Each structure stands twice: as C-alpha cells, then as structure tokens.
Amino acid sequence: MSANKDKPDGTDGGLALAERTQTKKPALYRVIMLNDDYTPMEFVVLILQRFFGHNTQTAQKIMLHVHQKGVGVCGVYTYEVAETKINQVMTFARQNEHPLQLQMEKE
Ligand code: TYC
C-alpha cells in the first residue's frame, strides 16, 4: 500500500480509495489569545506555561506579543484538543475573575 506521500496534498494521485492506506492528516486549529486591559501579565504567562507547555522565556514573549499586537498564537492542535484547552483556560480565568479571551482559528 502507498504511504500517501507521493503528492503534497497527501494523496497518491491514482489509487482507488479502497486500495490505499487511509492516512489523511487531521485538520489543525490555532488557539488564539486576545489582549485585554485587565488580566495581569503574570497570569497570562502562567496560563501559557501551565496549559500550553511553554517555558518561561517563550511564555513571556507570547504574552508581550499579545499585549502589543492585540492577538497571538498559544499553540496549534486538533479541534477537540483546541476546544478543551480553550474551555479549561477560560474556566480557570473566570475562577480568578479575569476577562481573558481565547478563540479557535483553522490553520
Ligand atoms: N494587557 C494586559 C495588561 O496590561 C496583559 C495581557 C496580555 C492581557 C495578554 C491579556 O492575552 C493577554 N495587564
């Protein structure tokens, strides 16, 4: 069976669907963080470390990017993982009474 690596779109360009191994890659989604005037910078850095696995230096860089540009990417995931992370972070932010907003965006 083809490994489906013959063409950049992941198809092999010729074999019938039933004859080839189905290895279609899942769609990916960016988790986007939005700036606001109230959420403390340290809280945003903590979120980026705890929920998105960034080290302190990268987390500070992403936080400052969002603070200055208004929006930034926390990470890229499958739909279900992105949705779960957004729900977990928004819940944690609300528990701490911060208005932090995250959104999902297809890659
Ligand atoms: N702008 C916030 C402040 O000055 C910090 C902040 C950064 C808030 C990123 C949200 O997604 C955010 N305290």
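**Figure 1. Buried residues of helix α1 in the predicted model.** In this predicted model, the buried residues of helix α1 are F43, V44, V45, I47 and L48. These buried residues pack against β1, α2, β2 and α3. Two of them, I47 and L48, are listed among the residues with the most contacts inside the largest nonpolar core. F43 takes part in a ring cluster with F51 and F92, and V44 is one of the residues around the ligand.

**Figure 2. The largest nonpolar core.** This core has 24 residues, and those with the most contacts inside it are V31, M33, I47, L48, F52, L100 and L102. Strand β1 (29-34), α1, α2, β2 and α3 each supply at least two residues of the core. The largest share, six residues, comes from α3.

**Figure 3. Surroundings of L102.** Leaving aside residues up to four places away in sequence, L102 touches V31, I32, M33, F52, C74, I86, V89 and M90. Of these partners, V31, M33 and F52 are, like L102, listed among the residues with the most contacts inside the largest nonpolar core.

**Figure 4. The stacked pair F43 and F92.** The model holds four aromatic pairs. In one of them, the ring centres of F43 and F92 are 5.4 Å apart and the ring planes meet at 15 degrees; because planes under 30 degrees apart count as stacked, this pair is stacked. The pair links distant parts of the chain, with F43 in helix α1 (residues 41-50) and F92 in helix α3 (residues 79-95), 49 residues apart. Both F43 and F92 are buried. Ring pairs join F43 and F92 with F51 in a cluster.

**Figure 5. The tilted pair F52 and Y77.** The ring centres of F52 and Y77 lie 6.3 Å apart, and the planes stand at 40 degrees, so the pair is tilted. This pair also links distant parts of the chain: F52 is in the loop between α1 and α2 (56-69), Y77 is in strand β2 (residues 71-77), and 25 residues separate them. F52 has a relative accessible area of 8% and is buried. Y77, at 16% relative accessibility, also counts as buried, because the limit for a buried residue is under 20%. F52 is in addition one of the residues that L102 touches.

**Figure 6. Salt bridges centred on R30.** Side chains of opposite charge can pair when their charged atoms come close. The count for the model is two salt bridges. R30 forms one with E105, and the closest N and O atoms are 2.9 Å apart. That pair connects distant parts of the chain, R30 being in strand β1 and E105 in strand β3 (residues 101-106), 75 residues apart. R30 is partly exposed, with a relative accessible area of 22%, and E105 is partly exposed at 37% relative accessibility. The side chain of R30 also meets that of E107 in a salt bridge (2.9 Å, N to O). Here too the pair links distant parts of the chain: E107 is in the segment after β3, R30 is in strand β1, and the two are 77 residues apart. E107 is exposed, with a relative accessible area of 52%. R30, E105 and E107 are thus linked in a network of salt bridges.

**Figure 7. Residues around the ligand.** The ligand is surrounded by M33, L34, N35, D36, T39, M41, V44, M63, V66, H67 and L100. A polar backbone atom of L34 is 2.8 Å from an oxygen atom of the ligand. At N35, a polar side-chain atom lies 2.8 Å from a nitrogen atom of the ligand. At D36, a polar backbone atom is 2.7 Å from a nitrogen atom of the ligand. Two of the surrounding residues, M33 and L100, are also listed among those with the most contacts inside the largest nonpolar core.

**Figure 8. Position of Q88 in helix α3.** Q88 is located in helix α3. With a relative accessible area of 40%, Q88 is partly exposed. The C-alpha atoms of Q88 and F51 are separated by 8.2 Å, while the two residues are 37 residues apart along the chain. F51 itself belongs to the ring cluster with F43 and F92.

Conventions: Residues numbered from 1 in each chain as written. Predicted model: local features only at pLDDT ≥ 70, side-chain atom pairs only at ≥ 80, totals over all residues. Heavy atoms only, no water. Phe/Tyr/Trp six-rings, centres within 6.5 Å; stacked < 30°, edge-to-face > 60°. Helix = DSSP H or I, 4+ residues; strand = E, 2+ residues; numbered from the N terminus. Buried < 20%, exposed > 50% of the residue type's maximum accessible area, 1.4 Å probe, protein only. Core = buried A, V, L, I, M, F, W, Y, C linked by side-chain atoms within 4.5 Å. Contact = heavy atoms within 4.5 Å. Salt bridge = Lys/Arg side-chain N within 4 Å of Asp/Glu carboxyl O. Near = heavy atom within 4 Å. Polar contact = N/O pair within 3.5 Å; in protein donor to acceptor, adjacent residues only side chain to side chain.
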